[in-house]
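Here are a few worked exercises to try with the model open in your viewer. Have a go at each task before reading its solution.

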Amino acid sequence: MATSRRLLRTTAAAVFAAATLLISSCSSSGPAAPRPVPSPGSAHDAGDEHSTADGGSSVLAPLPAAIPAKLRPYYDQKLTWHACSVSGFQCATMKVPLDYDKPSAGTDIKLAVARKKATGPGTHLGSLLVNPGGPGGSAIEYLEQYAPQPAAVRARYDMVGLDPRGVGRSTPVECLSDRQMDRFTQTDQTPDSSAEVNKLTSAYRSFAKGCEARSAKLLPHVSTIEAARDMDVLRALLGDKKLTYVGASYGTFLGATYAGLFPTRSGRLVLDGAMDPALDSRTININQTTGFTTAFTAFAADCIKRKDCPLGTKNTADAGRRLSAFFKRLDAHPLPTGEERNLTESLATTGVIAAMYDQGSWPTLRAYLATAQRGNGRGLLALSDSYYERDAEGHYANQMYANPAVNCLDLPPAFTSPNQVQAALPSFRKASPVFGNSFAWAALNCAYWPVKPTGNAHRIEAKGAAPIVVVGTTRDPATPYAWAQGLARQLSGATLLTYVGDGHTAYGRGSDCIDTAINTYLLDGTTPPKNKRCT
């Protein structure tokens, strides 16, 4: 069950800057960082097509340039590198305060770091930190898988991955047992009766209670602001005066937050598949609903040209109706898969959504839909499992737990009651006749979170930062192109680089135009020409 529209999924086709999908005793203490502050005249540019909870009238304030004395021990620690389990990589552990407001409380947490040293030739340019998105994606696993590319950048930079707090190997958030997670992902996410609504809200409550039971101390301190502060500690420990960074999907929000907090320490930042920090949760959810409709329409347009299209050969609207009818049949009669889990409507929906991230998955989706129509749901279940990072032994990775932990802390919930979802259903159905119901109910998950949100929608201007490159894909399902436009307008001195095409994120996905522009920026600091568009 996809339970938030802010988890942005890594695809195997992405070579360097991919991205990750959706799940959008605890105290309510906030992250130790400046709150967004009112900034007269900082409202959205004319023509901005998004609204926010605060009208875009607050801006993330930078931290003081001087490192506070109470944080100096963290900035002065020494990293001890050792060989990782993956050949060619070095690993280390760093300490950061659990609570930046109380760094001397003896509650430090450990964060995992990995790097692959620059291979040369050419002048060494320092470290390049990467983050694949999520929130909840492991930067270390991503680094170990993709660090061999691109060669020109790898030759000049030490490639570095830091699992953010609560993620992967860095004091991970834990919530459910694998068996409990299996049941959670099968919960009906398109309730048709009050009894089914109660079952869904009960599943959300149980998920939240599981996280509280297993990670109570950590949950109030996994915000994006705190993760950005951790990155600054690592920057110092690596010996870099400024941070060089490539972030994808949610990683763009993390990178932009760093630039907002530490503008004078921000170097070359690439933000690919950008999020717009000025948007509230409800706007994010409905924008993504529209984005996945755009992606499905592109898939359907390709599919109906083929005689064997499992959604017919008439038109895209008819293909959507056929898929909706298929989901409806599964709601009443789940399909066998050859294992103890049947293919439910919720699992099938997740499997289809997973294939929308990269057009390279379209042939697989066509084949699995055809197989399902013949009565075997195993293929779509495999797509769903890949989305949820469930392995062959039935074990779930940490991402689906870290994701809501960060999202529910960063922003107030999109909805606080089932009645609010019911009232919003028409707008979600208009945005997506196929996925609207599912996306609307998924947006309810943070209503039951055990920690109150500490963040709000805000603009990030990062005045004084070096030029930043923001990358947007015109038919990106998970981070709609308008978000990249919005972020580029906010960031002082940002350049928008556009990929005209399908899929989530653009760097390393086959466009020489995109890759050349970003590699040039990373290697010599030259930003792409204004309004540059690539295919």
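**Exercise 1. Work out whether Cys303 and Cys309 are joined, and describe the link.**

Step 1: check the sulfurs. In this predicted model, the S to S distance for Cys303 and Cys309 is 2.0 Å. The cut-off is 2.5 Å, so the pair counts as a disulfide.

Step 2: look along the S-S bond. The angle about it is 110 degrees, which makes the link of Cys303 and Cys309 right-handed.

Step 3: ask about the surroundings. Cys303 and Cys309 are both buried.

**Exercise 2. Find the handedness of the links Cys84 to Cys91 and Cys408 to Cys446.**

Step 1: Cys84 and Cys91 are bonded, with S to S at 1.9 Å. The value about their S-S bond is 115 degrees, hence a right-handed link. Both of these cysteines, Cys84 and Cys91, are buried.

Step 2: Cys408 and Cys446 form a disulfide too, with S to S at 2.0 Å. Here the angle is -80 degrees, and the link of Cys408 and Cys446 is left-handed. Cys408 sits in helix 13 and Cys446 in the loop between helix 15 and strand 10, so this bond ties together parts 38 residues apart in sequence. Again, both Cys408 and Cys446 are buried.

Step 3: zoom out to the whole chain. The total is five disulfides. Counting bonded cysteines along the chain, the pattern reads 1-2, 3-4, 5-6, 7-8, 9-10.

**Exercise 3. Describe helix 13: what is its span, and how many of its residues are buried?**

Step 1: the helix covers residues 399-410, which makes 12 residues. From first C-alpha to last, helix 13 reaches 16 Å, close to the 16 Å expected at 1.5 Å a residue.

Step 2: go through burial. In helix 13, 12 of 12 residues are buried, among them Tyr401, Pro404, Cys408 and Asp410.

Step 3: find the cover. The elements packed over the buried residues of helix 13 include helix 4 (178-185), helix 5 (194-215), helix 6 (224-237), helix 7 (250-261) and helix 12 (378-388).

**Exercise 4. Track down some backbone oddities: where are the cis bonds before Pro121 and Pro135, and where do Thr171 and Ala462 show a positive phi?**

Step 1: take the prolines. The bond from Gly120 to Pro121 is cis, with omega near 0 degrees; Pro121 belongs to the loop between strand 5 (108-116) and strand 6 (127-131). The bond from Gly134 to Pro135 is cis as well, with omega near -5 degrees. Pro135 is in the loop between strand 6 and helix 2 (139-146).

Step 2: turn to phi. Thr171 isn't a glycine, yet its phi is about 45 degrees. You'll find Thr171 in the loop between strand 7 (158-162) and helix 4. Ala462 has a phi near 50 degrees and lies in the loop between helix 15 (436-442) and strand 10 (468-475).

Step 3: check accessibility. Thr171 comes out at 28% relative accessibility, so it counts as partly exposed. Ala462 is buried, at 4%.

**Exercise 5. Decide which stretch of the chain has a pLDDT below 50.**

Step 1: start with the overall picture. The chain has a mean pLDDT of 90, and 89% of its residues reach 70 or more.

Step 2: locate the weak part. Over residues 2-56 the pLDDT is below 50, although this stretch makes 237 contacts in the model beyond near neighbours in sequence.

Step 3: draw the lesson. Where pLDDT is low, predicted coordinates shouldn't be read in detail.

Conventions:
Residues are numbered from 1 along each chain as its sequence is written. This is a predicted model: local features need pLDDT of at least 70, side-chain atom pairs count only at pLDDT 80 or more; totals for chains, interfaces and linings use all residues. Side-chain values use heavy atoms; hydrogens and water are left out. Helices (H or I, at least four residues) and strands (E, at least two) are DSSP runs, numbered from the N terminus. The expected span of a helix is 1.5 Å times one less than its number of residues. Buried means under 20% relative accessible area, exposed over 50%, partly exposed in between (1.4 Å probe, protein chains only). Contact means heavy atoms within 4.5 Å. pLDDT is the predictor's confidence in each residue, from 0 to 100.
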